[in-house]
Structure formats: structure tokens, C-alpha cells
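Colleague: I'd love a close look at the aromatic side chains in this one. Could you walk me through them and their surroundings?

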Amino acid sequence: MKRNTRFEVQVPIEGNDLDGIPSSWSTAGFAWGEFKTISGREYEQAQQMNSTTTHIIKTQYFKGATSAMRLVSNGRVFEVESVYNENERNMFSVWRCQEQD
């Protein structure tokens, strides 16, 4: 695995906006890894064009990783859909994410 991208792992802070989305985030730590785009699509919503890109991000193992977290790298925000400990060996965390606009 190429560990050429630094990801900031963030956790939500108490309090949500009207859509149930956390109003602020706190840094839980950092992890080096790589990401791969697995699909992309555009759709029309509320008369605006939006794009959603789904990625698989593989980082060094991040203890306590959950789907409530998000990853940030170079101004790009990745909402975590699921995360797992690859092969249960505490070496790599694999994150399935959607990039946010």
C-alpha cells in the first residue's frame, strides 16, 4: 500500500443542524493511506446539479474507527459510510466513503 496521502480523521461534536448533520467536527487523529475512486455519478436535486463520488480509502489501522467519522485531506471531505479492520490484524483500516461537495 502506498501511504502517500495524509487524512485527518474527524468525529462529530454534539449538536446537529436541522438536517441532522453535525454542526461541527473535532480532530480525532491522523492516518496515512491511499484512496481509489470506485464510482461517480451526477444527479439533479432541487434544480441543482450535484456530484457524488464514492471512494475506498485504505489507511494504517485507526483504533476506534466508526461510520460516524469523516476523513479530510487537502480540503476534500469524505463522509464515511462504513469502515472495517482489514483481516482483523490491526494493520489497515478500510473506509468506504462519499466525497462531499
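To start me off, over which ring does the charged end of Arg-6 sit?

Modeller: Happy to, and please keep in mind that this is a predicted model. The ring you are after belongs to Phe-30: the charged end of Arg-6 sits over that ring, 3.8 Å from its centre. A lysine does likewise elsewhere, since the charged end of Lys-58 sits over the ring of Phe-92, at 4.6 Å from the ring centre.

Now to rings that pair with rings. The structure has four aromatic pairs. One of them joins Phe-7 and Phe-35 edge-to-face, with 6.2 Å from centre to centre and 80° between the planes. Phe-7 belongs to strand β1 (residues 5–12) and Phe-35 to strand β2 (residues 25–45), so this pair ties together parts that are 28 residues apart in sequence. The two partners sit in unlike surroundings: Phe-7 has 0% relative accessibility and so counts as buried, whereas Phe-35, at 31%, counts as partly exposed.

Phe-7 also pairs with Phe-78. Their ring centres are 6.4 Å apart and their planes meet at 70°; because an angle over 60 degrees counts as edge-to-face, this pair gets that label too. Phe-78 lies in strand β5 (residues 76–85) and Phe-7 in β1, so the link spans parts that are 71 residues apart in sequence. Both Phe-7 and Phe-78 are buried. Taken together, ring pairs link Phe-7, Phe-35 and Phe-78 into a cluster.

Two members of that cluster, Phe-7 and Phe-78, also belong to the largest nonpolar core, which has eleven residues. Among the others are Val-9, Phe-62, Met-69, Val-80 and Trp-95. The elements that give two or more residues to this core are β1, β5 and β6 (92–100). Met-69 is a handy residue to click on: leaving aside residues up to four places away in sequence, Met-69 touches Val-9, Phe-62, Val-80 and Trp-95, and its contacts also include Gln-10, Val-11, Trp-25 and Gly-64.

Finally, follow the strands around this core. β6 is mostly covered, with seven of its nine residues buried. It pairs with β5 in the antiparallel sense over eight bridges, and Glu-79 has Gln-98 in β6 as its bridge partner. The hairpin of β5 and β6 has six residues between the strands, and there Asn-87 takes a positive phi near 60°.

Notes. Residues are numbered from 1 along each chain as its sequence is written. Side-chain values use heavy atoms; hydrogens and water are left out. Rings of Phe, Tyr and Trp (its six-membered ring) pair if their centres lie within 6.5 Å; planes under 30 degrees apart count as stacked, over 60 as edge-to-face and the rest as tilted. Helices (H or I, at least four residues) and strands (E, at least two) are DSSP runs, numbered from the N terminus. Buried means under 20% relative accessible area, exposed over 50%, partly exposed in between (1.4 Å probe, protein chains only). A charge sits over a ring if NZ of Lys or CZ of Arg is within 6 Å of the ring centre and within 35 degrees of the ring normal. A nonpolar core is a set of buried Ala, Val, Leu, Ile, Met, Phe, Trp, Tyr and Cys residues joined through side-chain atoms within 4.5 Å. Contact means heavy atoms within 4.5 Å. Two strands pair if DSSP finds at least two bridges between them.
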